[in-house]
Amino acid sequence: MTDAPLVFITGASSGIGQALALRYFQAGWRLALAARRTSEIESWARASGVPATSYGIYSADVSVPDSIVAAGQQCLAQQGVPQVVIANAGISVGIDTADRADLDVLAQTFATNNTGLAATFHPFIAAMTARARQGGAPGRLVGIGSVAGIRGLPGHAAYCASKAAVIAYCESLRGELRGTGVRVVTICPGYIDTPLTRANRYGMPFLMQPADFADRAFRSIEAGAGYRVIPWQMGVVAKLLRALPNPLFDRLLAGRPRKHRRGEAGR
């Protein structure tokens, strides 16, 4: 497995991160897995039959730039330069801007979902660029956005704003790295059946299982897609919502149940 390609994934202790890790392992890749809860990665690897020689585990809090940068540097030293880096770690919680405590929740959401994404990519860009310059395999930096970043939903301002920023940031970075041999891929999931979504108190159309999402994401990343909504049906829904005039959009969402705030039931 030492010659197998390497993928670095944050948020690998549950949900989408675990599903992506398993899909890459099944395709013959080595795994570099980063999360705060490293014991859960170890338990998952044993239960999934992933041998210790096929993965490395890195303890990191993506909301602390020095923490995730250090994990990336450790990966480079111990496992080499990844071909794919997936900034998957993220949090989703409702907020009420009239509540002072929720301003701190907003700041933590941005620190995790936005600064954490950039800090995840940072340690790998120079190494990926150098490898491509020497004729090696192109690198891929993958940002996990969300269809929630396409239009703001009441009560979900922190998450929607952070994922809109992920989409714009990755678009900017894609242009900056054009011609370097490092591609930037934006993946926007719809609703995926994970611990992050199970407490939602509103309908979730086109709900996908994590394994199905991971398979489609894997194929999109391998194809070098610049931007992909998964499933595609949610992309259509999001475009329709984006096209609605504001008054109609606001009436449509009036009375929609809101995301649980921190400390409420279901969080």
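A residue is classed as exposed when its relative accessible area is over 50%. In the predicted model considered here, W232 has a relative accessible area of 58% and is therefore exposed. This residue belongs to helix α7, which spans residues 232–243. Together with V236 and L240, W232 makes a nonpolar surface patch of about 350 Å².

Strand β5, by contrast, illustrates the covered part of the model. This strand comprises residues 139–144, and 6 of its 6 residues are buried. The side chains are divided between two directions: G139, L141 and G143 point one way from β5, whereas R140, V142 and I144 point the other way. Residues of both sets are buried.

The pairing of β5 involves strands β4 and β6. Strand β4 (residues 84–87) runs parallel to β5 and is joined to this strand by 4 bridges. A parallel arrangement is also found for β5 and strand β6 (residues 182–189), between which there are 6 bridges. V142 takes part in both pairings: the residue is the bridge partner of I86, and its own bridge partner in β6 is V185.

The connections between these strands include helices. Helix α4, covering residues 100–133, makes a right-handed β-α-β unit with β4 and β5. A further right-handed β-α-β unit is made by β5, helix α5 (residues 157–176) and β6. Strand β5 thus contributes to the unit containing α4 and to the unit containing α5.

Notes: Residues numbered from 1 in each chain as written. Predicted model: local features only at pLDDT ≥ 70, side-chain atom pairs only at ≥ 80, totals over all residues. Heavy atoms only, no water. Patch = residues over 30% accessible without salt bridge, like charges linked within 9 Å, V, L, I, M, F, W, Y side chains within 5 Å. Areas by Shrake-Rupley, 256 points an atom, 1.4 Å probe, with all protein chains shown as cover. Salt bridge = Lys/Arg side-chain N within 4 Å of Asp/Glu carboxyl O. Buried < 20%, exposed > 50% of the residue type's maximum accessible area, 1.4 Å probe, protein only. Pairing = 2+ DSSP bridges. Right-handed = clockwise from strand over helix to strand, strands pointing away.
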